[in-house]
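Biologist: I'd like to learn how to read a structure like this one. Could you walk me through it, feature by feature?

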Amino acid sequence: MAARITLPGRSEPLEVSAPRWAGSYPPPAARRVYAAAHVASADGGDLIDWDATLRFRDHLWAHGFAVAEAMDTAQRGMGLSWWLARELIASSAEHAAARRAKGQYADLACGAGTDHLPESETHSVSKIIDAYAAQLGFVQSAGAGVILMASRALAAAARGPRDYLDAYGTVLKQASQPVILHWLGEAFDPALRGYWGSTDLEAAAATVLELIDRHGDKVDGIKLSVLDAGQEVALRRRLPAGIRMYTGDDFGYAELIRGDGRGHSDALLGAFAAVTAPAAAALHALDAGDLAGYDAAIAPTVPLSRLIFTEPTYCYKTGVAFLAWLNGLQARLLMLDGFQQRRSADHLIQVFELAAAAGAITDPDLAVTRMNQFLKEQHR
C-alpha cells in the first residue's frame with residue numbers, strides 16, 4: 001500500500017510506500033545499541049504527555065533498542081529540568097520493570113549529571129562532585145543503568161585535565177556497576193567546548209584514556225558525539241579490551257557500526273529514535289552476517305539523519321518528535337518549552353521526504369494525513 005501527497009515545490013506527487021520491515025525485532029547480538037528517546041509534551045510548556053512518552057519507549061524496546069533515558073534527546077537542560085528528569089527516570093524505570101516482569105525486553109540506562117546546579121553561579125569541583133553523586137545515586141536507586149553525562153558546570157569550573165580526572169574518578173568510585181561515559185561535543189551543546197580540559201580532540205582523548213586506565217572496572221564504555229568519524233576510530237582503537245565505543249556520530253554511524261577488520265562501534269544515538277524500524281532491520285541483517293542487507297537498510301537513513309542533525313545541531317530533537325508524530329506515536333506535535341518551533345516548515349518538509357525514502361514512515365496513510373494537516377496549518 002502507498003499514499004500520495006503533493007508537497008510545496010514539487011511538480012509531481014510524492015508516493016509514500018508501506019515499509020518492508022517487520023513490526024518488531026529482537027535485541028541485536030552483534031552490537032550493543034541504545035536509542036536516546038525524546039519527550040512528548042502535553043501543552044508545549046513543561047507538562048509531559050506521559051502516555052505518548054512511555055509509548056515511544058515501548059516502540060524502541062519492541063524494535064530491540066535499549067533506551068537511553070533523560071539525555072539531551074529528551075531536552076535535558078533545554079526544557080527538561082532535573083526535577084522533571086527525576087520523574088521521567090522513575091516512570092521509565094517502573095515501566096521497564098513491568099515489561100520485564102511479563103518477559104518483554106526493556107533495557108534502560110539513564111543520564112546522571114549536574115544540571116540541578118544553577119547555571120548562573122560558578123561552582124567548585126567539590127560541589128560538582130556532590131551533584132554528580134546525588135544524581136548517580138538516584139538513577140541507581142531506580143534500578144537503571146547509568147550514563148554519566150557531560151557537565152556544563154564542570155566545563156565552566158575545570159582549569160585543566162586534572163580537575164576532570166579528580167571529579168570523574170571520585171564519582172566513579174560510587175558507581176555500583178560499570179557506567180557509560182558521555183562525551184558530547186560543542187555542536188550538540190556549545191557550553192561543553194573544551195571538555196576533558198582541551199579543545200584539541202587528541203589531547204582530550206588522552207585524558208579520557210587516563211581516566212579509563214585508572215577506573216576501567218567502573219566503565220562499560222564511552223559515548224562519543226563529536227561528529228568526527230576519524231577521531232572516533234582513533235580513540236576506539238586505543239580503548240582497553242572490554243571497553244565499548246558507543247558511537248554518537250549521527251552523520252557517520254552506518255560505517256562506524258559496520259566496522260572494519262580492526263573493530264566496530266556500538267551505538268547510543270538520537271538518530272535511532274528517528275529511523276527506528278530500518279535501523280532495527282539493518283542490525284538484524286548484521287547479526288545474520290548479511291552485510292549487503294545491512295547496507296541496503298541503513299544507507300538510506302543516513303541522509304535523513306544528516307538533515308535532522310544539521311546546524312544548529314542541538315535542534316535535532318524537533319525532527320525526532322516530528323517523525324514520532326507522523327508515525328502516530330504521539331497525538332500532537334508538542335515538545336517541552338515549545339521546542340517543536342525550533343525548525344522551519346521547509347526543514348520539516350524535507351525531513352518528511354527523506355523519511356519516506358528511508359522507509360522510516362510506518363503508516364503511509366496516517367503520515368500523509370498528518371503531513372497535509374501540518375501544511376494546512378502553515379498557511380493559516
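Modeller: We'll go from the strands to the helices, and then to the core. Keep in mind that this is a predicted model.

Biologist: Let's start with the strands. How many strands form the closed barrel, and in what order do they run?

Modeller: There are eight, in the order β3-β4-β5-β6-β7-β8-β9-β10, with parallel pairing. From one strand to the next, the twist averages 25°.

Biologist: What joins β3 to β10?

Modeller: Three bridges do, between residues 33-36 of β3 and residues 266-269 of β10, and the two strands run parallel. For a spot to click on, try Tyr34, which stands opposite Leu268 in β10.

Biologist: Now the helices. Which strands does α1 lie across?

Modeller: Helix α1, residues 50-62, lies across β3, β4 and β5, and runs at about 145° to β4. Helix α6, residues 201-215, lies across β7 and β8, at about 170° to β7.

Biologist: How do I read a single helix, say α3?

Modeller: Here's the general idea: an α-helix has 3.6 residues a turn, so residues three or four places apart point the same way. Now the case here. Helix α3 covers residues 125-141 and reaches 24 Å from its first C-alpha to its last, close to the 24 Å expected. Its buried residues include Val125, Ile128, Ile129, Tyr132, Leu136 and Val139.

Biologist: What do those buried residues of α3 pack against?

Modeller: Helices α2, α4 and α5, plus strands β5 and β6. Just after α3, look at Gly143, which takes a positive phi of about 85°.

Biologist: And the core? Which residues touch the most other members of the largest one?

Modeller: In general, nonpolar side chains tend to be buried together in soluble globular proteins. In this model the largest nonpolar core has 132 residues, and Phe272 and Phe352 touch the most other members. A second, separate core has eleven residues, among them Ala36, Met71, Ala109 and Ile180. Back at Phe352, the residues touched include Ile5, Leu14, Phe322 and Met371, leaving out residues up to four places away in sequence.

Biologist: One last residue: is Thr301 buried or exposed?

Modeller: Buried counts as under 20% relative accessible area. Thr301 has a value of 0%, so Thr301 is buried. You'll find Thr301 in helix α11, residues 301-308. The side chains of Thr301 and Tyr253 are joined by a polar contact of 2.7 Å. Beyond its neighbours within four places in sequence, Thr301 is also in contact with Val275, Pro278 and Ala358.

Key
Residues are numbered from 1 along each chain as its sequence is written. This is a predicted model: local features need pLDDT of at least 70, side-chain atom pairs count only at pLDDT 80 or more; totals for chains, interfaces and linings use all residues. Side-chain values use heavy atoms; hydrogens and water are left out. A nonpolar core is a set of buried Ala, Val, Leu, Ile, Met, Phe, Trp, Tyr and Cys residues joined through side-chain atoms within 4.5 Å. Buried means under 20% relative accessible area, exposed over 50%, partly exposed in between (1.4 Å probe, protein chains only). Contact means heavy atoms within 4.5 Å. Helices (H or I, at least four residues) and strands (E, at least two) are DSSP runs, numbered from the N terminus. The expected span of a helix is 1.5 Å times one less than its number of residues. A polar contact is a pair of N or O atoms within 3.5 Å; within protein, one must be able to donate a hydrogen and the other to accept it, and residues adjacent in sequence count only if both atoms are side-chain atoms. Two strands pair if DSSP finds at least two bridges between them. Axes are lines fitted to C-alpha atoms, for helices over the stretch in contact, and angles run from 0 to 180 degrees between N-to-C directions.
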